[in-house]
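Student: Could you take one part of this model and walk me through it slowly? I'd like a close look at the small sheet, and then whatever else helps me find my way around.

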Amino acid sequence: FAIWLANFRDVPLDPAANALMSEFMAGKIRARVKDPATAEALTPRDHGFGTRRVPMETHYYEVYNQPNVRLVDVRRSPVERVTPSGLETRDEAFDLDLLVWATGFDAVTGAFDRIDIRGESGEALRDAWSDGPRTYLGLAVAGFPNLFTLVGPHNAATFCNIPRCIEQNVDWVTNLMAHVHGRGVHRIEASETAQDEWTRHVYEAAAGLLMAKTDSWFTGVNQNLPEKKRTFYAYAGGHPAYRERCDEVAAAGYAGFTLV
């Protein structure tokens, strides 16, 4: 995380600085992978360092130096079919004892889309978010009372060490529940105005990032789901600023929410 998020601040913002950092990382890959062709195939060329989520690894690259390991680039030789004995790419067949079929995932909104969440009007959440998520604090959605989207889109926890940062989400919602307990409140809903303001702020915070210009799950681009609209899922203003904003909302009696 440190080399990604605690580095010189121009690395995620300036193309020249990012290119310098990307070449530094490419040199590290070449130093760890003995075969030059394999090292080149493992070096990203369609995006700069940190503009997609950085894989956290321990001795990952050294695995490709083992005699029983071979890298096949499925972008150049796509998988065409799974066979009874293994699989075939466009160029060759492989007999396998075990196939681990990792087809990717639908990040951030995927878990919400798979549940038939309906708002007060009967509209499905997946339809309300069809052109990209709209939220208040990344925690609530107008028209969907009593729904809290922990670690959802526009939430600082999606751009953070999630097991640690989800605590803020949980504590904040817990404190909200304590606030309304015993006050006869049965309905908690974000206002459209608060939602629009926060969603606009999320996009403004991400506007200067190279990450916002790169195809990745951060921007909702998923080759398995070509119908998805390009957007930006994370809150890029920083977790301290996010916590401060949430605390301000709570201190103002949960401003932006209707409590009935």
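Tutor: Here is the sheet, followed by a helix pair and a few single residues.

Keep in mind that this is a predicted model. Confidence is decent to work with: the chain averages a pLDDT of 94, and 100% of the residues score at least 70. The low end is helix α1 (residues 2-5), with a mean of 86, while strand β4 (residues 188-190) has the highest confidence, at 98.

Now the sheet you asked about. It's an open sheet of 3 strands, in the order β1-β2-β3, and the pairing is antiparallel. The edge positions go to β1 and β3, each of which has a single partner strand, so one side of each has no neighbour in the sheet. On average, neighbouring strands here are turned by 20° against each other, if you ignore direction.

Let's go through the pairings in turn. Strand β1 covers residues 79-83 and strand β2 covers residues 86-89; the two pair antiparallel over 4 bridges. To get your bearings, find V79, which sits opposite T89 in β2. The link from β1 to β2 is a hairpin that passes through 2 residues. On to the other pairing: β2 and strand β3 (residues 93-95) also run antiparallel, joined by 3 bridges. Here the landmark is L87, standing opposite F94 in β3. Again a hairpin makes the connection, and from β2 to β3 it goes through 3 residues.

If you keep going along the chain past β3, look for V108, in the loop between β3 and α4 (110-113). Its phi is near 65°, a positive value in a residue that isn't glycine. V108 counts as buried because its relative accessible area is 16%, and the cut-off for buried is under 20%. Y254 has a positive phi too, of about 65°, and it isn't a glycine either. You'll find Y254 in the loop between α8 and β5. With a relative accessible area of 5%, Y254 is buried.

Going back to the stretch ahead of the sheet, the loop between α3 (36-41) and β1 holds F49. F49 is buried, at a relative accessible area of 13%. What does F49 touch, leaving aside neighbours within four places in sequence? The list is I3, W4, N18, M21, S22, M25 and V54. You can also check F49 against A19: they are 30 residues apart along the chain, and their C-alpha atoms are separated by 7.8 Å.

Next, the helix pair. Two packed helices are described by the angle between their axes and the distance between the axes. For helix α6 (residues 162-180) and helix α8 (residues 239-251), the axes come within 12 Å and cross at roughly 5°. That angle makes α6 roughly parallel to α8, because angles under 35 degrees count that way. From α6, the residues that meet α8 are C165, Q168, N169 and W172. On the α8 side they meet H239, Y242, R243, C246, D247, V249 and A250. Sorted by class, this contact of α6 with α8 has 6 nonpolar, 3 polar and 2 charged residues.

The loop between α7 (192-206) and α8 is where T231 lies. T231 is buried, with a relative accessible area of 9%. Not counting residues up to four places away in sequence, T231 touches G132, P133, Y203, F218, T219 and G220.

Last stop: T258, which is in strand β5 (residues 257-259). Is T258 buried or partly exposed? It's partly exposed, with a relative accessible area of 38%. Setting aside its neighbours within four places in sequence, T258 is in contact with R187, I188 and E189. As a distance check, T258 and G152 lie 106 residues apart in sequence, and 20 Å apart in space from C-alpha to C-alpha.

Definitions and conventions: Residues numbered from 1 in each chain as written. Predicted model: local features only at pLDDT ≥ 70, side-chain atom pairs only at ≥ 80, totals over all residues. Heavy atoms only, no water. pLDDT = per-residue confidence, 0-100. Axes fitted to C-alpha atoms, helices over the stretch in contact; angles between N-to-C directions. Parallel < 35°, antiparallel > 145°, perpendicular 65-115°, else oblique. Contact = heavy atoms within 4.5 Å. Nonpolar A, V, L, I, M, F, W, Y, C, P; charged D, E, K, R; others polar. Pairing = 2+ DSSP bridges. Buried < 20%, exposed > 50% of the residue type's maximum accessible area, 1.4 Å probe, protein only.
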